[in-house]
Structure formats: structure tokens, C-alpha cells
Amino acid sequence: MKKLLSLLLAGSMLLGLSACGGGSGSTATPAPSQAPAASAPAQSQAPAETADPSSVRIGILIPGSPTDGGFCQQGAEAGKALQQLGYQVDVVEAVTAEEIKSESENMAADGYRIVFGHGAQCTSPMAEISGDYPDTCFITLGGEVVTANQFPVCVCAEESCYVLGIVAAMLNKTGTISYTLGGDFPSYVKYTNAMKLGARSVNPDIKALGAVLSSTNANECYETTMNQIQQGADFVFGNCNEGQLGAIKAAEDSEGVYVLGCLGDFSETSPDKVIANMVCDYSVGYIQAVEAVLSGNIPTEIMMQTMATGCVGFTWNEHLKDTLPEAVVSAAEQAIEDIKSGKIDVPNEYELDPNEPI
């Protein structure tokens with residue numbers, strides 16, 4: 001296997017980067033988000049496995065750097081959480097479809113009990129080989145393929161994005177908000193789609209400027225976000241992994257512009273600019289998926305991870321929360337409760353309208 005990443009090294013890198021958060025202008029990645037664990041739903045019955053965790057090998061394929069401050073970092077952190085529970089865990093970078101297929105097959109042939117594909121792009125490559133390795137369970141983050149030994153986990157972080165939209169619309173002064181995306185496929189678009197829905201629940205006429213980046217590059221995100229700010233945006237959201245730091249820097253360089261954090265708590269990164277954050281603890285979903293497989297309850301459908309399961313969360317920047325109107329805080333917290341109870345239904349990636357403009 002190529003690019004086998006040491007979880008101990010990755011963990012120390014994550015802690016080192018997180019510790020760098022500070023005043024305005026900092027480019028530190030956020031501290032890992034925290035969310036309470038929840039029990040996994042039993043969906044299909046099979047004999048439970050009694051293996052000691054230390055004998056269970058788990059592989060995780062991530063599509064980029066384990067310290068990207070976003071999606072890939074969350075995958076690495078989930079691996080570290082599983083390792084702390086006693087499992088043998090290896091993390092490998094696999095970007096292309098051929099790499100995903102090859103690395104998955106190598107792990108399965110080597111006796112790994114579970115192989116995670118951290119992203120929907122892993123679905124098809126894993127489906128090509130999963131039938132040949134019935135003793136290995138293949139789990140993808142996103143995707144729709146469900147077989148006897150393959151299923152997806154869907155992290156519904158769009159629920160938090162809906163709340164961010166409410167906050168932005170209630171505090172917005174220009175009538176314009178903006179966002180940048182690292183891709184235009186459903187698992188990206190669902191976040192900004194939800195943010196727009198939340199904002200429009202407050203102000204149906206609010207304008208949302210959006211752009212898909214050519215890469216998750218902080219410099220490109222900075223230039224793109226600055227262009228959006230010049231067009232009037234006073235709340236910005238960067239759903240582009242490490243590129244998000246460019247959006248934060250653009251806000252720091254602009255008067256009266258604030259940030260909505262994505263996939264981590266960026267409050268310490270920019271305490272004067274970040275208002276609130278969409279956070280996820282992917283380890284909750286990973287642990288529940290592993291427990292389901294090892295207990296013989298392999299899901300027969302998509303395993304949904306939401307605010308209600310504890311995988312998805314919302315955090316305020318405590319440096320600024322007390323300066324916000326009480327009505328804004330109350331509206332956000334009420335929306336969270338309404339989403340958990342089902343009163344508000346936020347469309348996930350399987351429910352998106354393909355004709356919805358970005």
C-alpha cells in the first residue's frame with residue numbers, strides 16, 4: 001500500500017495545528033469537534049462477532065491530507081477514535097478511482113474486517129471488488145450502493161448549515177451572503193443548499209453568491225471570496241476544506257464581514273470574525289458503523305447520521321455570542337430543536353432537486 005499514514009503522527013499533527021489557533025490573521029486548523037455518542041440502529045440480524053477489538057483490522061481511505069482542516073481531517077480523527085477503542089486502524093490516501101479500488105482490494109486481501117471509503121467517490125470502485133471479498137465490509141461516506149457487505153453512511157451536516165443560514169440572514173445588513181464550494185456534486189451542494197434555505201426562511205429575498213473553486217486552494221478561495229465581498233456579501237461560508245482559510249482571511253481583511261465555519265470550530269482561528277460553526281464528529285458515525293458490523297447488524301439501507309444521533313452539531317463563537325441579539329440566538333436554538341424533532345426537514349443529498357441552481 002502506498003501513502004500509509006501513521007495515525008500517531010497524524011494525531012500529533014492535528015493537535016499541533018489545533019494549538020495554533022489565536023488572534024485575527026491566524027491560519028490554524030480548528031480543534032476537533034465534539035459530539036455525544038449515540039447507539040446504532042439494528043437493521044439486519046446475523047451472528048454477532050466476539051473478536052477482541054485488537055484483532056479487528058480497519059482501513060480508512062481518505063481523498064487528501066489528514067490535516068486539511070476539513071473533510072479528510074475528520075476521517076483521520078475518526079480513525080484515531082477507533083484506534084483508541086483498541087482496533088487496529090490504518091489510514092491511506094487514495095484519490096483516484098483506480099487508487100481507491102486498488103487500496104480497498106489490498107486491504108481486503110490482507111484480512112481487514114472493515115474498509116471505509118471516506119467519500120461518495122469510493123462507492124463505485126469498492127462495488128467493483130466488494131463481491132469478491134465477502135468477509136470484508138466496505139463502508140462509504142455517502143453513495144447509494146447497499147449490498148450484503150457494502151453500505152453508505154450519510155453525515156447530514158446540512159442540518160447545521162440550515163441553522164447557519166438563519167443566523168446569517170438575521171444578522172445580515174447588505175441583503176447578500178456568499179459561499180465557495182470545493183466541488184459541485186451533491187455532498188458539497190447540500191450544505192450550501194441548506195444554508196440558502198435557512199436564510200430564505202428569514203428573508204425570502206436574500207441574495208446568495210456562490211462559486212465552485214477549481215481546487216480547494218486557500219489563495220483561490222481568498223480571491224473568490226474577496227470578489228463576493230466586493231459585490232456586497234457580508235457573511236461568507238467556505239465549504240472547501242483547507243481552502244476555507246482563504247475565506248476567513250478575506251473576511252479578516254474586510255470591514256463588517258463575518259464568517260460561518262464549516263466542518264470544524266474555527267472560533268479560535270478568527271475570534272473576531274467567526275460567528276458560528278457547523279461541526280461534525282465523524283467518529284460517531286464510524287463507531288456506530290463498526291459496532292453494527294461487528295454485532296451482526298449490517299445495515300440494509302443508508303445509515304443516516306444527524307443532529308439527533310449526535311454526529312452533527314452547531315457551535316457558537318463564545319467570544320461573540322454575548323454580543324448577538326437574543327432573538328438570533330433563540331431562533332437558532334429553536335431551529336436546532338425543530339430539526340431534531342423532525343418539525344423542520346432539511347433536504348439531504350438524496351433529496352436535492354437536480355435543477356436547484358448553485
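How many bridges join strand β2 to β4, and do the two run parallel or antiparallel? Keep that question in mind as you look through these close-up views of a predicted model.

**View 1. Strands β2 and β4 lie side by side.**
Here is the reply to the opening question: strand β2 (residues 57-62) is joined to β4 by 4 bridges, and the two run parallel. One place to see the pairing is G59, which stands opposite V115 in β4. Strand β4 also shows two sets of side chains: I114 and F116 point one way, V115 and G117 point the other way, and all of them are buried. This fits a general pattern, in which side chains of a regular strand alternate between the two faces of the sheet.

**View 2. Strand β5 sits between β4 and β6 in the pairing.**
Look at β4 (residues 114-117) next: it pairs with β5 in the parallel sense, over 4 bridges. I114 has C137 as its bridge partner in β5. To get from β4 to β5, the chain passes through helix α4 (residues 123-130), and this β-α-β crossover is right-handed. Strand β5 is also joined by 4 bridges to β6 (residues 150-155), again running parallel. On that side, F138 stands opposite Q150 in β6.

**View 3. Strand β5 is enclosed.**
How many of the 5 residues of strand β5 (residues 137-141) are buried? The count is 5 of 5, so the strand is largely enclosed by the rest of the structure. C137, I139 and L141 point one way, while F138 and T140 point the other way, and all are buried.

**View 4. I58 and the largest nonpolar core.**
The largest nonpolar core has 72 residues, and I58, F116, Y282, F314 and W316 are the ones with the most contacts inside it. Helix α5 (residues 158-171) gives this core its largest share, 9 residues. Zoom in on I58: leaving out residues up to four places away in sequence, its contacts include L82, Y87, V89, Y112, I114, F116 and V290. Apart from the largest core lies another one, of 12 residues, among them V92, Y112, C122 and M126. Such groupings match a general tendency: in soluble globular proteins, nonpolar side chains tend to be buried together.

**View 5. A sheet of six strands.**
Follow the strands across this open sheet in the order β8-β7-β9-β10-β11-β13, and you will find mixed pairing among the 6 of them. At the edges are β8 (207-212) and β13 (312-316), each pairing on one side only. From one strand to the next, the twist averages 15°. Strand β7 (residues 176-181) pairs with β8 in the parallel sense over 6 bridges, and L181 stands opposite V212 in β8. Helix α6 (residues 186-202) packs on the sheet and touches β7, β8, β9, β10 and β11. The direction of α6 makes about 170° with that of β7.

**View 6. Helix α8 against the sheet.**
Helix α8 (residues 244-252) also packs on the sheet, where it touches β9 and β10, and its direction makes about 165° with that of β10. Of the 9 residues of α8, 8 are buried, so this helix is largely enclosed by the rest of the structure. Among the buried ones are L245, A247, I248 and A251, together with Q244 and E252. The cover over these buried residues includes α7 (218-230), β9 and β10.

**View 7. F235 in strand β9.**
Is F235, a residue of strand β9, buried or exposed? F235 has a relative accessibility of 2%, so it counts as buried, the cut-off being under 20%. Beyond its neighbours within four places in sequence, F235 is in contact with several residues, including A168, L171, I177, Y258, L260 and I275. The C-alpha atoms of F235 and A208 are 9.7 Å apart, with their positions 27 residues apart along the chain.

**View 8. Two cysteines, and the whole chain.**
C72 is buried at 3% relative accessible area, and C122 is buried at 2%. The number of disulfides comes to 0. Stepping back, the protein chain has 11 helices and 13 strands, and buried residues make up 56% of its 358 residues.

Conventions: Residues numbered from 1 in each chain as written. Predicted model: local features only at pLDDT ≥ 70, side-chain atom pairs only at ≥ 80, totals over all residues. Heavy atoms only, no water. Core = buried A, V, L, I, M, F, W, Y, C linked by side-chain atoms within 4.5 Å. Buried < 20%, exposed > 50% of the residue type's maximum accessible area, 1.4 Å probe, protein only. Contact = heavy atoms within 4.5 Å. Pairing = 2+ DSSP bridges. Right-handed = clockwise from strand over helix to strand, strands pointing away. Axes fitted to C-alpha atoms, helices over the stretch in contact; angles between N-to-C directions. Disulfide = S-S within 2.5 Å.
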